[in-house]
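This report looks at how two helices pack together and at how a ligand is held by the protein around it.

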Amino acid sequence: MTQEKRPVTLITGASSGIGAALAHEFAANGHELVLIARREQGRAALAEALDQRGLEADVVVNNAGFGLVGDADTLDRAEQLAMIDLDVRALTDLSLAFVDSLKRRRGGILNVASTAAFMPGPGMAVYYASKAYVLSFSEALHRELKPKGVRVTVLCPGPVPTEFQARAGLAADAFPRILKRSAEQVARDGYRSLKEGRRVVVPGFANSVATTLTRFAPHGLLLDLIARQQKGRR
Ligand SMILES: NC(=O)c1ccc[n+]([C@@H]2O[C@H](COP(=O)([O-])OP(=O)(O)OC[C@H]3O[C@@H](n4cnc5c(N)ncnc54)[C@H](OP(=O)(O)O)[C@@H]3O)[C@@H](O)[C@H]2O)c1
């Protein structure tokens, strides 16, 4: 009797927070995990390592990312560029690197953006802009790859208590409780939405309402509001 192969899922940033919860969620649903560590061995080496084991990627989860709080002109420039390297460049690279195998396997891509993707973010300008890129890129990719049999979902969490806040320089109690979700809740929503082939998922009713309202708010007002909020979050 031949044993059915378990789907292979590549996950970045699985050492903590949302990535660790996503790893548990995919594993609990029968996936074999390939966890991509911080010091990446490089995409080519990764593809080679998969080849050697006779594995093909079914799902790619681009979760690794970090943010930095502060005005862009006062934050370290190199650190802000490193944020773009990870949140934007590495995510784009991995979204495209395994696309042939994803097409063959009729698999999917789960990209982690943020509710920050829906608005400009004075006080965290590069992070918000990076996540706006992730949202825009992933939605477009969803449309391009759908007819080719690949699902693309972009997961846009609001505040989730993880190591993210300390790394970014945010106060632990920076966000109202109504917006907070646990990493496990977010991971469940992400997994289910990818499975259902949804384009965008914003976990939590309050976050969903907030992101919808930002579409109608005048940008001038929104910028003032976010700038004021960010100052109070440090
Ligand atoms: N927490 C939130 O409130 C929140 C809200 C919206 C969106 N998000 C997004 O969710 C994703 C996961 O964040 P999290 O909250 O789970 O944060 P986290 O607990 O700090 O985890 C971040 C993960 O990314 C990895 N990482 C950090 N810097 C890296 C680098 N330079 N190269 C490679 N990997 C790196 C970390 O690996 P190491 O262990 O090696 O550091 C860790 O596994 C991020 O994309 C974040 O922007 C978070």
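## Helix packing and ligand shell

In α3, Gln80, Met83, Ile84, Asp87, Val88, Leu91, Thr92, Ser95 and Leu96 meet Val126, Tyr127, Ser130, Lys131, Tyr133, Val134, Phe137 and Leu141 of α5 (contact means heavy atoms within 4.5 Å). By class, this contact of α3 with α5 has eleven nonpolar, four polar and two charged residues. The model is predicted, with local features needing pLDDT of at least 70 and side-chain atom pairs pLDDT 80 or more, while totals for chains, interfaces and linings use all residues. Residues are numbered from 1 along each chain, and side-chain values use heavy atoms, without hydrogens and water.

Helix α3 (residues 77-97) packs against helix α5 (residues 125-145) at an angle of about 10 degrees, with the axes 9 Å apart. The two helices α3 and α5 are therefore roughly parallel to each other (angles under 35 degrees count as such).

The ligand is surrounded by 25 residues, of which the closest are Ser15, Arg38, Asn63, Tyr127 and Thr162 (a residue counts if one of its heavy atoms lies within 4 Å). This shell divides into twelve nonpolar, ten polar and three charged residues. Polar contacts, pairs of N or O atoms within 3.5 Å, that involve an oxygen atom of the ligand include these:

| Protein partner | Distance |
|---|---|
| Ser15, N or O atom in the side chain | 2.5 Å |
| Glu163, polar backbone atom | 3.4 Å |
| Phe164, polar backbone atom | 3.4 Å |

The protein covers 87% of the 880 Å² of accessible area that the ligand has on its own (Shrake-Rupley method, 1.4 Å probe). The elements giving two or more residues to the ligand shell are α1 (17-28), α5 and α6 (164-168).

Key: Axes are lines fitted to C-alpha atoms, for helices over the stretch in contact, and angles run from 0 to 180 degrees between N-to-C directions. Helices (H or I, at least four residues) and strands (E, at least two) are DSSP runs, numbered from the N terminus. Angles under 35 degrees count as roughly parallel, over 145 as roughly antiparallel, 65 to 115 as roughly perpendicular and the rest as oblique. Ala, Val, Leu, Ile, Met, Phe, Trp, Tyr, Cys and Pro count as nonpolar, Asp, Glu, Lys and Arg as charged, and the others, Gly among them, as polar. A polar contact is a pair of N or O atoms within 3.5 Å; within protein, one must be able to donate a hydrogen and the other to accept it, and residues adjacent in sequence count only if both atoms are side-chain atoms.
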